[in-house]
Amino acid sequence: MLVWRLRHGSPRQPSLVGRLIWLAAGWSLLVILGAGLALTAFFRSATLSRFDLSLYDVTQGLYAGTTVQNGQVVGPLFTDTQALRVYSGHYWEIAEATPSGALHVLVPSRSLWDSELKAPPQGLAGFKPGQHLAYDTVGPVGEPLRAVARAVALPGRSDPVIFLAAHDRAPIE
């Protein structure tokens, strides 16, 4: 019996090579799973950053095309063609903060039709000119939106104006 065990090994215990292969396979699977989760998180973060940057560009364009005439804010005559279609998923709005922290719309995009963009969930308290804020909200027909709000002081106006831009989140989901 002892001679048989020395020649053939124990039938119940797997060989060292087999155990090392299973151990390496297990660790490899854990590393691949961890790398996949990390890459997914990095991709999501990069996608949101790029999406926010495009919204920030919309607010920059609104700011560049907005004037103040006789104390009234006048929005740009032409913006993105998608913002001209009703409920297109591309929205913008020029507003001001009320003393209660809500938004008072000064100039809406045509795509908003008879609705308004929602203020950031954390409110507008402490929102100072030059700052911008990205947040998630819900659109006029219930679609999920990604929005950017940017407060700017305009010449000829004492209160800061808030430029908001929002797009449907479907492309990044």
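**View 1. A nonpolar patch on the surface of the predicted model.** Five side chains make up this patch: Leu16, Leu20, Leu23, Trp27 and Leu30. Together they give about 560 Å² of nonpolar surface. Pick out Trp27 here; it sits in helix H2, which covers residues 16-65. Trp27 has a relative accessible area of 54%, and anything over 50% counts as exposed, so this Trp27 is exposed.

**View 2. The open sheet and its strand order.** Five strands line up as S4-S3-S7-S6-S5, and the pairing is antiparallel. At the edges are strand S4 (103-108) and strand S5 (132-138), each with pairing on one side only. From one strand to the next, the twist averages 30°.

**View 3. Strands S6 and S7 side by side.** Zoom in on strand S6 (residues 144-152) and strand S7 (residues 161-168), an antiparallel pair held over eight bridges. For a handy landmark, look for Ala147, which stands opposite Ala166 in S7.

**View 4. Helix H2 across the sheet.** Here H2 lies across strand S3 (90-97), S5, S6 and S7. Relative to S6, H2 runs at about 45°.

**View 5. Arg146 and Asp52, a buried salt bridge.** Searching the whole structure turns up four salt bridges. In this one, the side chains of Arg146 and Asp52 meet with an N to O distance of 2.8 Å. The partners come from distant parts of the chain, with Arg146 in strand S6 and Asp52 in helix H2, 94 residues apart. Neither end is out in the open: both Arg146 and Asp52 are buried.

**View 6. Arg157 reaching Glu96.** Another salt bridge joins Arg157 and Glu96, and their closest N and O atoms are 2.2 Å apart. Arg157 belongs to the loop between S6 and S7 while Glu96 is in strand S3, so the pair ties together parts that are 61 residues apart in sequence. Arg157 has a relative accessible area of 19%, and Glu96 comes in at 17%. The cut-off for buried is under 20%, so Arg157 counts as buried, and so does Glu96.

**View 7. Asp136 and Arg169, with the wider network.** The side chains of Asp136 and Arg169 meet in a salt bridge, 2.4 Å from N to O. Asp136 is in strand S5 and Arg169 in the segment after S7, so this pair ties together parts that are 33 residues apart in sequence. Asp136 is partly exposed, at 42% relative accessible area, whereas Arg169 is buried, at 6%. Step back a little and you'll find Asp52, Asp136, Arg146 and Arg169 linked in a network of salt bridges.

**View 8. Ser115 and its surroundings.** Ser115 is in the loop between S4 and S5. Its C-alpha atom is separated by 8.8 Å from that of Gly139, a residue 24 places away along the chain. Setting aside neighbours within four places in sequence, Ser115 makes contact with Tyr87 and Pro140.

Methods: Residues numbered from 1 in each chain as written. Predicted model: local features only at pLDDT ≥ 70, side-chain atom pairs only at ≥ 80, totals over all residues. Heavy atoms only, no water. Patch = residues over 30% accessible without salt bridge, like charges linked within 9 Å, V, L, I, M, F, W, Y side chains within 5 Å. Areas by Shrake-Rupley, 256 points an atom, 1.4 Å probe, with all protein chains shown as cover. Helix = DSSP H or I, 4+ residues; strand = E, 2+ residues; numbered from the N terminus. Buried < 20%, exposed > 50% of the residue type's maximum accessible area, 1.4 Å probe, protein only. Pairing = 2+ DSSP bridges. Axes fitted to C-alpha atoms, helices over the stretch in contact; angles between N-to-C directions. Contact = heavy atoms within 4.5 Å.
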